[in-house]
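Here's a quick tour of a protein model for anyone who would rather look at a fold than read a list. Have the viewer open as you go.

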Amino acid sequence: MTIRFLAATAVTMTATVAASFAAADDIRATSSFGASHVLATDGYPALFAKLSELTNGRWGGHDTPSGLLAPNEMNTGLRDGISEMGPIILPYFAADYPESGIVGELSILGTDNRAISSAVTEYLATCGECQAEFAANGHVFLGSDATTNYQFLSSTPSRSAEDMAGVRIRTAGSVFTRFVDHLGGEPVQMPSSELFEGLSSGVIDATYSSVADLKNAQLYDVVKYVTLIDQGVFNAAAMTNASLMLWNRMDAADREALAHAAQYAQTIGVQSWISNSNEAAETGAGKGIEFITPDDSLKAKSAEFRAAHLAQVATTLAERGVTDPETKIERYRALLAKWETLVADV
């Protein structure tokens, strides 16, 4: 009798557990930048925890930080359902996102990544042409993050404009490539996942990145100097794009929950860039990395590029097929100014 009762109870419990797992829908995400990156350590875990909370456990998810899809494979990877969520790095797919890519061309505006990520998100979410680009590629845009200010992380010191001549510097493309070229360096295109190998082997001398990448990419042993140029952030990343295949199997309430969770994760991720940059700077200094304040010649060269770039950016965008670029540039500027005010006392 007792044995039969226990057996029946076990079967019932097993069926109940199995049913609860079947009811939960697990989203497959690929943050793609490695296990130490902000998206993997903070962004996507926060997203899935919040999504589970908002849907009473009906939806959850797991992230594959690397291996499944590289960042430059994500556009078609999401479209084809290889992964259901992941970051779209817009400059990697410039031909597919000419309208959305406007924000990347304006990445040297602003210094507060909280305001920048919010301005970019509002711009893209309220831009009909941008939304059409994401839809055409089989995605749903759910928000953008932004790094902290970019610096030169290098194996050799760069203190002056003269020091930049011939330095092989990895950039994230677009405006950053032209900036490095203006300084006399040699821009190199390379996935962030290859930074450690590139610096350790001497293929590159530096990377133009956030200080947080000392931690994100574990560069402490190959970076000896950080030149604090403080120009630009990476803002052209759709941090949590969802595959249309995923979106189409969610009802309206669950879509709303996913959008809410993605915005929550964006906030967590943006703040993590700040805390990780602070932590990486402290750890790096403790390991002997020298943080360099550039001299006046390098500062002047940097300011020269900024002025020239902003003077001709409308022409650059028009050549890419963007219609009425002046109006769109001013709309982004206005959004950035609005969000700078909103986050000033946060």
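What follows covers confidence, then the strands and helices, then the main pocket.

Keep in mind that this is a predicted model. The protein averages a pLDDT of 92, and 93% of the residues score at least 70. The start of the chain is another story: over residues 1–23, pLDDT stays under 50, and the model has one contact there beyond four places in sequence. Where pLDDT is low, the predicted coordinates should not be read in detail.

Just past that stretch, look for strand β1 (residues 25–29), which pairs with strand β2 (residues 59–63) in the parallel sense. To get from β1 to β2, the chain goes through helix α2 (residues 38–54), and this β-α-β crossover is right-handed.

Further along is a second pairing to find, between strand β5 (residues 150–154) and strand β8 (residues 206–210), and this one is antiparallel. Both pairings run over five bridges. Here are some bridge partners to click on:

| Residue | Bridge partner | Strand of the partner |
|---|---|---|
| Ile27 | Gly61 | β2 |
| Ala29 | Asp63 | β2 |
| Gln151 | Ser209 | β8 |

Now zoom out to the sheet that holds β5 and β8. Six strands make up this open sheet, in the order β7-β6-β8-β5-β9-β11, and the pairing is mixed. At the edges sit β7 (186–189) and β11 (290–292), each pairing on one side only. From one strand to the next, the twist averages 30 degrees. Helix α7 (residues 175–182) packs on the sheet, where α7 touches β5, β6 (168–171), β7 and β8. The direction of α7 makes about 150 degrees with that of β7.

Last stop is the pocket. Which residues lie nearest the centre of the largest pocket? They are Phe33, His37, Ser192, Asp213 and Trp273, out of 22 residues that line the pocket. Its volume is about 380 Å³. As for the elements involved, β3 (85–89), α8 (195–201), α9 (213–216) and β10 (237–243) are the ones that give two or more residues to the lining.

Methods: Residues numbered from 1 in each chain as written. Predicted model: local features only at pLDDT ≥ 70, side-chain atom pairs only at ≥ 80, totals over all residues. Heavy atoms only, no water. pLDDT = per-residue confidence, 0-100. Contact = heavy atoms within 4.5 Å. Pairing = 2+ DSSP bridges. Helix = DSSP H or I, 4+ residues; strand = E, 2+ residues; numbered from the N terminus. Right-handed = clockwise from strand over helix to strand, strands pointing away. Axes fitted to C-alpha atoms, helices over the stretch in contact; angles between N-to-C directions. 1 Å grid on protein atoms, 1.4 Å probe; cavity = no way out; pocket = protein on both sides within 12 Å on 5 of 7 lines; lining within 4 Å. Points joined across faces, edges and corners; volume = space filled by probe spheres on them.
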